[in-house]
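Work through the exercises below with the structure at hand. Each task is followed by a solution in steps.

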Amino acid sequence: MATTASIGNGAQFQIESATPGTYTAIAEVFDITPPNETTDVIDASHFGSPDREFIMGMTDPGECSFEMNFTPGSASEGLLLAAKAKRAPTNYRIVFPNDQTWTFAGLLTGYEPSMPNDDKMTCTVTIKVTGSVVRAAGE
């Protein structure tokens, strides 16, 4: 059977602009870690249980992060810092190379530039996802 594996080249990380439903790509992103969901497992055992019994609890949509080439003062930096300063959820979208999308709201909790002496400057951005991740075919 032939593989369906592909590389991530061509993916985008986008942030919703001031116009709802319109997204702007963050420039020079080179690594994206999509949201990592986990679901709580709750012990529902009782005195009549012959063994432990469990039920599913709430799902934590997790965090999303990405790395980008860091350009101080760039338009992308401005968009990200504005989202962080807002201290409220912002809508984000990951566009995969096959045009599938994951859209979600999140709080920008981490903005970490790095300036090594002998390599490119980079920035790691971390977003705490709030609510559901909507997966859809490309637009």
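Two residues are in contact when heavy atoms of theirs lie within 4.5 Å. The model used here is predicted.

**Exercise 1. Contacts along the chain**

Task: Among contacts between residues at least 6 apart in sequence, find what share joins residues at least 24 apart.

Solution: Take the contacts in the protein chain between residues at least 6 apart in sequence. Of these, 58% join residues at least 24 apart.

**Exercise 2. Elements and overall form**

Task: List the elements of the protein chain from the N terminus on, then decide whether the chain is more spread out than a compact globule or not.

Solution:
Step 1. The secondary structure consists of one helix and nine strands. Read from the N terminus, the order is β-β-β-β-β-β-α-β-β-β.
Step 2. For 139 residues the globule rule gives 14 Å, and the radius of gyration is 19 Å, well over that value, so the protein chain is more spread out than a compact globule.
Step 3. Along the principal axes, the C-alpha atoms fill a box of roughly 65 × 45 × 40 Å.
Step 4. Turn to the surface. Of the 139 residues, 28% are buried. The exposed area is about 8900 Å², and carbon and sulfur atoms supply 53% of it.

**Exercise 3. The partners of β9**

Task: Determine how strand β9 pairs with β6 and with β8.

Solution:
Step 1. Strand β6 covers residues 63-69 and β9 covers residues 122-136; the two pair in the antiparallel sense over seven bridges. Within this pairing, F66 has V125 in β9 as its bridge partner.
Step 2. Strand β8, residues 101-114, also pairs with β9 in the antiparallel sense, over 12 bridges. Here S114 stands opposite T122 in β9.

**Exercise 4. Aromatic rings**

Task: Count the aromatic pairs in the whole structure and classify the pair F13 and Y92.

Solution:
Step 1. A search of the whole structure gives five aromatic pairs.
Step 2. The ring centres of F13 and Y92 are 5.7 Å apart and the planes meet at 40°, so this pair is tilted.
Step 3. F13 belongs to strand β1 (residues 12-16) and Y92 to strand β7 (residues 90-95), so the pair ties together parts 79 residues apart in sequence.
Step 4. F13 and Y92 are both buried. Ring pairs join F13, F66, Y92 and F104 into a cluster.

**Exercise 5. Charges over rings**

Task: Which ring does K120 lie over, and which ring does the charged end of R135 sit over?

Solution:
Step 1. K120 lies over the face of F30, at 3.9 Å from the ring centre.
Step 2. The charged end of R135 sits over the ring of W102, 4.1 Å from the centre of that ring.

**Exercise 6. Positive phi**

Task: Locate E28 and R87, and state whether each is buried, partly exposed or exposed.

Solution:
Step 1. Most residues other than glycine have a negative phi.
Step 2. E28 is not a glycine, yet its phi is positive, near 60°. E28 lies in the loop between β2 (23-25) and β3 (29-33). Its relative accessibility is 49%, so E28 counts as partly exposed.
Step 3. R87 is not a glycine either, and its phi is positive at about 55°. R87 lies in the loop between α1 (75-86) and β7. With a relative accessible area of 76%, R87 is exposed; the cut-off for exposed is over 50%.

Methods. Residues numbered from 1 in each chain as written. Predicted model: local features only at pLDDT ≥ 70, side-chain atom pairs only at ≥ 80, totals over all residues. Heavy atoms only, no water. Pairing = 2+ DSSP bridges. Helix = DSSP H or I, 4+ residues; strand = E, 2+ residues; numbered from the N terminus. Phe/Tyr/Trp six-rings, centres within 6.5 Å; stacked < 30°, edge-to-face > 60°. Buried < 20%, exposed > 50% of the residue type's maximum accessible area, 1.4 Å probe, protein only. Lys NZ or Arg CZ within 6 Å of the ring centre and 35° of its normal. Rg over C-alpha atoms; globule rule 2.2 N^0.38 Å. Areas by Shrake-Rupley, 256 points an atom, 1.4 Å probe, with all protein chains shown as cover.
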